[in-house]
Amino acid sequence: MSPDIRLGPDGVPRCAWVGDDPEYRRYHDEEWGRPLHGDRELFEKLSLEGFQAGLSWITILRKRPRFREVFAGFEPAVVAAFDDDDVERLMTDAGIIRNRAKILATIGNARIVDAMAPGELDALMWSFAPPPRRRPQSFADITATTPESDAMSKELRRRGFRFVGSTTMWALMQSAGMVDDHVAGCWRA
């Protein structure tokens, strides 16, 4: 078996990045790489990927329930109305990542999304989905950025979004199913 595949305790072969963590297994099996649509859903994904920058994704997964609670389910119109008091409230909440720049970016990004037409964020983000490509045979075949993630990042930045670098956007594209990067041999491949 490839070192890029790991047999879980249930005997199921998965991408090795999953490791032994039950929450990572659930996320890999039920979410990662499955097509995700909807302005609210993609705003949440965009926000959480931004918070993840510089951290491990499992940290975000473990904090996601609290993020959803304090960011009003990532409803763009509600988050767009957050003010300085909300920023200070969020900065004292140990249940999330307390990074002022990321909190302010999430609120600013919500304002941009709230000003968009319904379905516009979904259409915009999916317009950068790359064409189908050969399944990665190993992690070595998976890049950190692509021309599509570069283009998505550039367009989102042009529109005023923050914490949307190319590497972050490629991670979003993978997790939101815009690309399928489950390696050969994974049961999801």
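## Starting with a pocket

Which helix gives the largest share of the lining of the second largest pocket? That would be helix 2, which supplies five residues. Before going further, keep in mind that this is a predicted model.

The second largest pocket holds about 170 Å³ of space. Its lining is made up of 13 residues, and the ones nearest the centre are Glu31, Leu36, Lys45, Arg64 and Arg68. Two elements, helix 2 and helix 3 (57-70), each give two or more residues to this lining. Sorted by class, the lining has eight charged residues, four nonpolar ones and one polar one.

## The largest pocket

Now for the largest pocket, with a volume of about 450 Å³. There are 18 residues around it, and Trp17, Trp32, Trp57, Ala171 and Gln174 sit closest to its centre. Three helices give two or more residues each: helix 1 (22-30), helix 2 (39-52) and helix 9 (166-175).

Which of these gives the most to the lining of the largest pocket? It's helix 9, with six residues. As for the mix, the lining of the largest pocket counts ten nonpolar residues, six polar and two charged.

## How helix 2 meets helix 6

Two packed helices can be summed up by the angle between their axes and the distance between those axes. For helix 2 and helix 6, the angle is about 160° and the axes are 10 Å apart. Angles over 145 degrees count as roughly antiparallel, so helix 2 is roughly antiparallel to helix 6. The crossing of this pair is right-handed.

On the helix 2 side, the contact uses Phe43, Leu46, Ser47, Gly50, Phe51 and Gln52. Facing them from helix 6 are Lys102, Ile103, Thr106, Asn109, Ala110 and Val113. Taken by class, the contact of helix 2 with helix 6 has six nonpolar residues, five polar and one charged.

## Two enclosed spaces

Rolling a probe the size of a water molecule over the atoms shows where empty space is left. How many cavities of 30 Å³ or more does a search of the whole structure find? The search turns up two. The largest cavity has about 50 Å³ of space, and helix 2 and helix 6 each supply at least two residues of its lining.

Some of the names around the largest cavity will look familiar. Leu46, Ser47, Gly50 and Phe51 are among its lining residues, and so are Lys102, Thr106 and Asn109; these residues also take part in the contact of helix 2 with helix 6. Ala105, Arg162 and Phe163 line the largest cavity too. By class, this lining splits into four nonpolar, four polar and two charged residues.

The second largest cavity, with about 30 Å³ of space, is lined by Arg6, Leu7, Gly8, Arg14, Cys15, Val18, Gly19 and Arg25. Here strand 1 (5-7) and strand 2 (13-15) each supply at least two of the lining residues. The class count is three nonpolar, two polar and three charged.

## Helix 5 against helix 6

Helix 6 (residues 100-115) has another partner in helix 5 (residues 84-91): their axes come within 10 Å and cross at roughly 135°. That angle makes helix 5 oblique to helix 6. This crossing is right-handed.

Val87, Glu88, Leu90 and Met91 are the helix 5 residues in the contact, and Arg100, Ile103, Leu104 and Ile107 are those of helix 6. Six of the residues in this contact are nonpolar and two are charged, with no polar ones. Ile103 turns up here and also in the contact of helix 2 with helix 6.

## Helix 1 against helix 3

One more pair to look at is helix 1 and helix 3, which pack at an angle of about 90° with their axes 10 Å apart. That makes helix 1 roughly perpendicular to helix 3.

Which residues meet where helix 1 and helix 3 pack? Helix 1 brings Glu23, Tyr24, Arg26 and Tyr27, while helix 3 brings Trp57, Ile58, Leu61 and Arg64. This contact divides into five nonpolar, no polar and three charged residues. Two of the helix 3 residues link back to the pockets: Trp57 is among those closest to the centre of the largest pocket, and Arg64 is one of those nearest the centre of the second largest pocket.

Note on methods
Residues numbered from 1 in each chain as written. Predicted model: local features only at pLDDT ≥ 70, side-chain atom pairs only at ≥ 80, totals over all residues. Heavy atoms only, no water. Axes fitted to C-alpha atoms, helices over the stretch in contact; angles between N-to-C directions. Helix = DSSP H or I, 4+ residues; strand = E, 2+ residues; numbered from the N terminus. Parallel < 35°, antiparallel > 145°, perpendicular 65-115°, else oblique. Left-handed = near helix turned anticlockwise from the far one by under 90°. Contact = heavy atoms within 4.5 Å. Nonpolar A, V, L, I, M, F, W, Y, C, P; charged D, E, K, R; others polar. 1 Å grid on protein atoms, 1.4 Å probe; cavity = no way out; pocket = protein on both sides within 12 Å on 5 of 7 lines; lining within 4 Å. Points joined across faces, edges and corners; volume = space filled by probe spheres on them.
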